[in-house]
Amino acid sequence: MSRYSNKTQWGQFIPLVSVFFFWGFVAAGNDILIPVFKKAFDLTQMESMIIQFCFYVAYTVGSLIYIMVSYLIKQDLVNKIGYKNGLITGLLISALGTLLFYPAANSRSYFLMVSGLFIVGLGFSLQQIVCNPLAIVLGPVKTGSQRLTLAGGINNFGTTIGPLVVSFAIFGSMSSDNINASIESVKIPYLVLGLAFVLVAGILKFSDIPDIIENTPKGAPLGEIDTSRKNAFAYPQLVLGMIAIFVYVGVEVATVSNIPAYLETHLGFETKSIAPYVSLYWASLMIGRWTGGVDAFDVSGGTKKILRFLAPYFAFLVFLLSTHLSGHDLRPFYIYPAIILVLIFADILSKGNPARMLLIFSSLGILALILGMLTEGYVSLYAFVSVGLFCSTLWPCIFALAINGLGKHTNQGSGLLIMMIMGGGVLSVIQGKIADSVNIKFSFIVGIMCFAYLVFYALASSSILRKQGIDLDTAKSDENNHSQ
């Protein structure tokens, strides 16, 4: 049984976050599959978004299965089988999904391809239900959301190299017009990925990751405020948070899923040249999450201030190195460190308060999308790519706000939040339909509407939690005093 300790449990945390890497690798790899499959199967922009729809709706289906099984056995499924076994089971399900890529690639079957991604997503659903609460509790109470941010940074290391690896596996030195060979070559990286799932499952079997986590003290990210409520739906911060997760994943995924089409139609890019820009979008999330994850380390306040400036640029160097090793020109990206400064100052202004951070970063996301829609060329491109920076810390902010105070209903609440990851697929299809009906540039209006709701949730959730006796500013102040 795991309970909060005064220090982060790195021996348990490190094997846990390896799973976060896989989520990112697959999700970002999908962004390369979209333009390839669009050409290979002669799809519209909306039809090509079925890749994202099947992958992200699998999270919803998986969460519904989890809820139904828990109801039938009259006990929370993860509590019954244990967190470790739940994580291992999720990895093995995802491994089964990768096996479909072999016959799918050989037969050039779009249906089998998306079916494989659906099964991978089912496994990821169970993994997410287990991993997010664990990342929060494996250390000090007040730095739970920062640990989740740090785990998200590992996730985005996967998203950064995913597009580059998948693009290299598909294209290599071949012309992007060689569609048949490209599709057949998809099977290799996904079969290797399946073997990695099995390997990590074996490692986790012998790790000391806990099987059960306790309810936590009042005011903690998993705090137990009112256990008299019958279920998680009785908490308004969770209900509104479910919508927030839906639109957050929606804007994050829909934006990057439509960037390849924007590059091709507005800037004349070849498909094989798109990967570095997709990678930079996902690297932007890594940059932001490494910055936000600094608070998870047990170091002095002065050291943390220095790391807040160093961490984002170190993450950017990881992107540059990965891009260089994949054979792409680095010169177009030298301007990006100036844009990263906006992220750093936004992080400082948020003062670690998840509601304030959600408000500031969502507002910047709106401004970035508006700038992208009103400008042309590389200014417009980097405005759209910078959305990754402003999405970077939103998941842990929303997750921490939504499950704050749920107590014994935390696992149920976590499952409901994971279910709403389907927004990535649903809103990608909606944006694709708008792109087909109007144009690709106007379709980014979808993201502006998503960020607008997140601004509302930032304001509403802090008010709701304050009424329940949770003051986010006081909690953060107590944490800072303890760390100095």
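Helices here are DSSP runs of H or I with at least four residues, numbered from the N terminus. The model you are working with is predicted, so local features need pLDDT of at least 70 and side-chain atom pairs count only at pLDDT 80 or more, while totals for chains, interfaces and linings use all residues. Residues are numbered from 1 along each chain as its sequence is written, and side-chain values use heavy atoms, with hydrogens and water left out.

**Exercise 1. Place Tyr102 and find which residues it contacts.**

Step 1: Start with the helix; Tyr102 belongs to α6, residues 101-107.

Step 2: Next, look at the surface. Buried means under 20% relative accessible area, exposed over 50%, and partly exposed in between (1.4 Å probe, protein chains only). Tyr102 has a relative accessible area of 41%, so it is partly exposed.

Step 3: Now list the partners, where contact means heavy atoms within 4.5 Å. Setting aside neighbours within four places in sequence, Tyr102 contacts Lys187 and Leu191.

Step 4: Finally, check a C-alpha pair: Tyr102 and Val186 are 84 residues apart along the chain, and their C-alpha atoms are separated by 8.4 Å.

**Exercise 2. Describe how the axes of α5 and α7 cross.**

Step 1: Axes are lines fitted to C-alpha atoms, for helices over the stretch in contact, and angles run from 0 to 180 degrees between N-to-C directions. The axes of α5 (residues 83-99) and α7 (residues 110-137) come within 7 Å and cross at roughly 160 degrees.

Step 2: Angles over 145 degrees count as roughly antiparallel. The two helices α5 and α7 are therefore roughly antiparallel to each other.

Step 3: Turn to the residues in contact, among them Gly86, Gly90 and Gly97 of α5 and Gly116, Gly123 and Phe124 of α7.

**Exercise 3. Which phi sign do Lys74 and Arg108 take, and where do they sit?**

Step 1: Recall the usual case: most residues other than glycine have a negative phi.

Step 2: Lys74, not a glycine, has a positive phi of about 55 degrees. Lys74 sits in the loop between α3 (50-72) and α4 (77-81), and with a relative accessible area of 77% it is exposed.

Step 3: Arg108 also has a positive phi of about 55 degrees without being a glycine. Arg108 is in the loop between α6 and α7, and its relative accessible area of 29% makes it partly exposed.

**Exercise 4. Is Asn155 buried or exposed?**

Step 1: Asn155 is found in α8, residues 144-171.

Step 2: Its relative accessibility is 11%, so Asn155 counts as buried.

Conventions:
Angles under 35 degrees count as roughly parallel, over 145 as roughly antiparallel, 65 to 115 as roughly perpendicular and the rest as oblique.
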